[in-house]
Amino acid sequence: MVVGEFAEKRDVVIIGGGPGGYNAAIRAAQLGKSVTLIEKASLGGVCLNQGCVPSKVFAHAAKQLARVPAMNKMGIVTAEPHVDFDALMSYKDKTVKQLRSGVESLCKANKIELITGEANFTGENKIGVANGHQFDIYEFEYALIATGSSTIVPDGVQPADECILHPETIYQMTAIPESLLIYGSDYIALEAAFSFKKLGSDVAIVLNDRSDFPFDASINRELKRILKKEKIKVYRNYQLERVNSADKEITINLLKNGEKEKLTGSRLYMSAERQANIQELGIERIGVKQTNKGFIQTDHTMKTSVRNIFAAGDVTDGAPSAVQAIKQGKTAAETICGMNSEVDLTHIPTVVHSNPPIATVGLTEKKAADQGYSVKISQSQLSGNSYAMISGEKSGIVTVIKDSETDLLLGIHIIGAGAIELISTGVTALEMVAREEDLRFPSYPHPSMNEGLMEALDGLSDMAIHAPPKKGK
């Protein structure tokens, strides 16, 4: 190993080039700092290369397939569609490559130094980087840890078994599985279920020790109806006893109230707990504190227990989220550069690129009631929306929740076409502490899916135009 004779000095050193790391690097460079970004694999992290982007390519392909029947009804006659999986994978790889190249170009344009290698702390203000036989040391004024997280393989599961998939591998398959078992209830599990069902797999979902998905009750009811329509079987409140794999077939043994159930498929996707990627960083040497689950502790500015070291993204506590990582990375960079910046994830949106998509922000009806609010809810069925009728995307609802005593908006929950774009209105409203009137007063475009939100807001005062009068009115 060749060791550098002296430490090279840098303003800001960032370990990890995922969403949190590269957003932090660019923001710090914009604010005048010289920035060094260290990444041992590919820029963009798991999100761009194995997770968020590949999954959305599959979801978009599934959406296009789903639109074919409506196109035929409109007179746009198409042949019976089929999936060329090799072409789909090629499109995914090309998309990932182009986006990764874009990140690299942005870093170069902002004069960010990119270093490939594995980093570890050699002191409170020094980082060593190993790349093959080369080992260099960098002395920093500030450092940011953005190394992400990885899946913890459950006990009894062989990590190298190609029949068992996790978030980093499910979109790396070489063929569409004939049958796909999904064990989990998070957004990744739902996206995979809808995508692979539409692409040709027989899909079943096992909710891991849950009776339902983690959404508002109104969304769960509509989701249950849609899953049944799509012929995706859901097994609720089952415990996983054992996983067996043989002859490229997977069998899972389930238990519910003493009764056993056995499911067989060609592939099994498993949602699993995650661990912070910090094992090789040497943070224990410099006193960076961790949570009980092994994630890095930070304050609202993303500063760790060491004054000049920050952390952002999945390496910190909380569910894996690129949205969270981006916000945290920018906040850390702004704090390093002397700005008064902080992270508040109260109104972070949850989005699922299912078919139809799901997007939520704020409190569910149950959580609002548990927190002591005088809850009033209103729902708008997209089946009555004129643009939904035009496009043939009529499945879905919009639910709005408010405190009836103050008219304060508490939560907005949507399942249906356009949900992910529309939820930004809800995020902005809740961040600005909006009341019902604040979203009812503006004019909404017509015809559009936006009118579903308008109808739900009108319904809070029992004045929705396209809903039948309530009994007794």
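Reader: Where does UniProt place the feature "binding site"?
Author: Keep in mind that what we have here is a predicted model. The UniProt entry is unreviewed, and the feature "binding site" comes from that record. It gives the positions as G184, S185, D186, Y187, I188, A189, L190 and E191.

Reader: Is D186 buried, partly exposed or exposed?
Author: Let's place the residue before judging it. D186 is found in the loop between β10 (179-183) and α5 (187-199). Its relative accessibility is 30%, and the middle class runs between 20% and 50%, so D186 counts as partly exposed.

Reader: And I188, buried or exposed?
Author: I188 has its place in helix α5. Buried means under 20% relative accessible area. The relative accessible area of I188 is 19%, so this residue is buried.

Reader: Which residues is I188 in contact with, leaving aside its neighbours within four places in sequence?
Author: I188 also appears in the UniProt "binding site" feature. Once the neighbours within four places in sequence are set aside, its contacts are P167 and Y269.

Reader: Switching to helix α1, how far apart are its end C-alpha atoms?
Author: Helix α1 covers residues 19-30, which is 12 residues. At 1.5 Å a residue, the helix should span 16 Å. The model agrees with that, because the end C-alpha atoms are apart by 16 Å.

Reader: How many of the 12 residues of α1 are buried?
Author: The buried ones include P19, Y22 and I26. They pack against β2 (8-15), β3 (35-39), α2 (45-49), α4 (85-109), β7 and α7 (322-336). The helix is largely enclosed by the rest of the structure, because the buried count is 10 of the 12.

Reader: What phi does G32 take, just after α1?
Author: G32 sits just after the helix. Its phi is positive, at about 100 degrees.

Reader: How many bridges join strand β5 to strand β6?
Author: β5 takes in residues 118-123 and β6 residues 126-131, and the two run antiparallel. They form a hairpin with 2 residues between them. G123 stands opposite K126 in β6. The number of bridges joining the two strands is 5.

Reader: In the hairpin of β6 and β7, which residue takes a positive phi?
Author: β6 pairs with β7 (residues 134-145) in the antiparallel sense, over 6 bridges. Within that pairing, V129 stands opposite D136 in β7. The hairpin has 2 residues between the strands, and the residue with a positive phi, near 65 degrees, is G132.

Note on methods: Residues numbered from 1 in each chain as written. Predicted model: local features only at pLDDT ≥ 70, side-chain atom pairs only at ≥ 80, totals over all residues. Heavy atoms only, no water. Pairing = 2+ DSSP bridges. Helix = DSSP H or I, 4+ residues; strand = E, 2+ residues; numbered from the N terminus. UniProt positions renumbered as here; feature names shortened; annotations may be inferred. Buried < 20%, exposed > 50% of the residue type's maximum accessible area, 1.4 Å probe, protein only. Contact = heavy atoms within 4.5 Å. Expected span 1.5 Å × (residues − 1).
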